[in-house]
Amino acid sequence: MDAPTRLTNADIRRCLDLLNEELRTIEIRGELYLVGGAVMCLALNARPATRDVDAFFSPSKAIRQAAARVAVKAGVPDAWLNDAVKAYLSPRGDFASYLELSHLAVFVAQPTYLLAMKCAALRLGEEFHDLDDVRYLLRYLNIGTVEEALAIVGKYFDESRLHPKTRLALEELLGPSQ
C-alpha cells in the first residue's frame, strides 16, 4: 500500500494517539511542540492537510523511535514527524496547550508566532504553503499593514534575519508601506 503524501487532520490525530500508545508502552511521557502546516491544519482549520508534522519534541530519541513505529502501524511516511524545524525556532516562541493524552502533551505555536515563523522562512513554490499561510494568518490576526506584520515578526526574530522577499511579499498582500 502506498503511504499518503498528505496528512489530514484525522491522520495527524490518529498518529498522535498511536504515538501516545507507543510512549505508554515504554513508560515515557513526551511533549510535542507543533509548528507549521500541522498547526494550520489541526488548530486553525486553515487547510485540509499537510505533508508532515514539524515539531520540537522531548525526549527526542524516544519520540523519534516511537514515531518510526507509528509510521509502520499507520501506513504514513517515515518522516511524518520531524524536528528539522528546530533550527528555525525562536527562543521567544509562544505555544499553547492543544492536547493532553496519558503519555503525550501536545502544544501548538500561537498564531502570532506562526506568522513570524512563516514570514522568516517564506519558501516560495507550489510545494510550499507559506504564502497562503501568511495570507490566512494576516486575516486571522486582523493585520492590515506591513508595519503591523513586521512588528509581530520582530517580537520573535531579529528583522535582519528576514529575507528582502518577506517585505515584498507582505507589501504584495497588504499594500505598500506607509
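Here are some friendly notes on the fold, the helix packing, the largest pocket and a few backbone details of this predicted model.

1. **The sheet as a whole.** A good place to start is the open sheet, which is built from 5 strands in the order E5-E4-E2-E7-E6, with mixed pairing. Its edge strands are E5 (81-82) and E6 (95-100), each of which pairs on one side only. As background for the next points, strands of a sheet pair through backbone hydrogen bonds, either parallel or antiparallel.

2. **Strand E2 and its two partners.** Which sense does the pairing of E2 with E7 take, parallel or antiparallel? Strand E2 (residues 30-35) and strand E7 (residues 104-109) are parallel, and 5 bridges link them. If you want a residue pair to look at, Leu32 sits opposite Val106 in E7. With strand E4 (residues 53-58), E2 runs antiparallel, again through 5 bridges. Here Tyr33 faces Phe56 of E4, and Leu34 has Ala55 of E4 as its bridge partner.

3. **The E5 edge.** Moving out to this side of the sheet, E4 and E5 are joined by 2 bridges and pair in the parallel sense. Val53 has Leu81 in E5 as its bridge partner.

4. **The E6 edge.** On this side, E6 and E7 run antiparallel with 5 bridges between them. The two strands form a hairpin, and 3 residues lie between them. Two pairs are handy for checking the register: Glu100 is bridged to Ala105 in E7, while Ser97 stands opposite Phe107 in E7.

5. **Helices on the sheet.** Helix H1 (residues 9-25) packs on the sheet and touches E2, E4, E5, E6 and E7. The direction of H1 makes about 140 degrees with that of E7. H4 lies across E2, E6 and E7, and runs at about 65 degrees to E7.

6. **The H4 and H5 pair.** Helix H4 (residues 111-121) also packs against helix H5 (residues 130-140), at an angle of about 145 degrees and with the axes 9 Å apart. Their crossing is left-handed. From H4 the contact takes Pro111, Leu114, Leu115, Lys118, Cys119 and Ala121; from H5 it takes Asp130, Asp133, Val134, Leu137, Leu138 and Tyr140. What is the make-up of this contact by class? It has 9 nonpolar and 3 charged residues, with no polar ones.

7. **The largest pocket.** If you are planning to look at empty space, the largest pocket has a volume of about 550 Å³. It is lined by 26 residues, and the closest to its centre are Asp54, Val85, Ala121, Arg123 and Asp130. Two of these names will be familiar from the previous point, as Ala121 of H4 and Asp130 of H5 also take part in the helix contact. Which element gives the largest share of the lining? That is H4, with 5 residues. By class, the lining divides into 10 nonpolar, 6 polar and 10 charged residues.

8. **A cis peptide bond.** Before setting up any calculation, do look at the bond between Ser58 and Pro59, which is cis, with omega of about -5 degrees. Pro59 belongs to the loop between E4 and helix H3 (60-74).

9. **A positive phi.** The other backbone detail to look at is Glu27, whose phi is positive, at about 55 degrees, although this residue is not a glycine. Glu27 is found in the loop between H1 and E2.

Key: Residues are numbered from 1 along each chain as its sequence is written. This is a predicted model: local features need pLDDT of at least 70, side-chain atom pairs count only at pLDDT 80 or more; totals for chains, interfaces and linings use all residues. Side-chain values use heavy atoms; hydrogens and water are left out. Two strands pair if DSSP finds at least two bridges between them. Helices (H or I, at least four residues) and strands (E, at least two) are DSSP runs, numbered from the N terminus. Axes are lines fitted to C-alpha atoms, for helices over the stretch in contact, and angles run from 0 to 180 degrees between N-to-C directions. A crossing is left-handed if the near helix is turned anticlockwise from the far one by less than a right angle, and right-handed if clockwise. Contact means heavy atoms within 4.5 Å. Ala, Val, Leu, Ile, Met, Phe, Trp, Tyr, Cys and Pro count as nonpolar, Asp, Glu, Lys and Arg as charged, and the others, Gly among them, as polar. On a 1 Å grid over the protein atoms alone, a cavity is a set of points where a 1.4 Å probe fits but cannot get out, and a pocket is an open set with protein on both sides within 12 Å along at least five of seven lines; lining residues have an atom within 4 Å of a point. Grid points are joined across faces, edges and corners, and a volume is the space filled by probe spheres set on the points.
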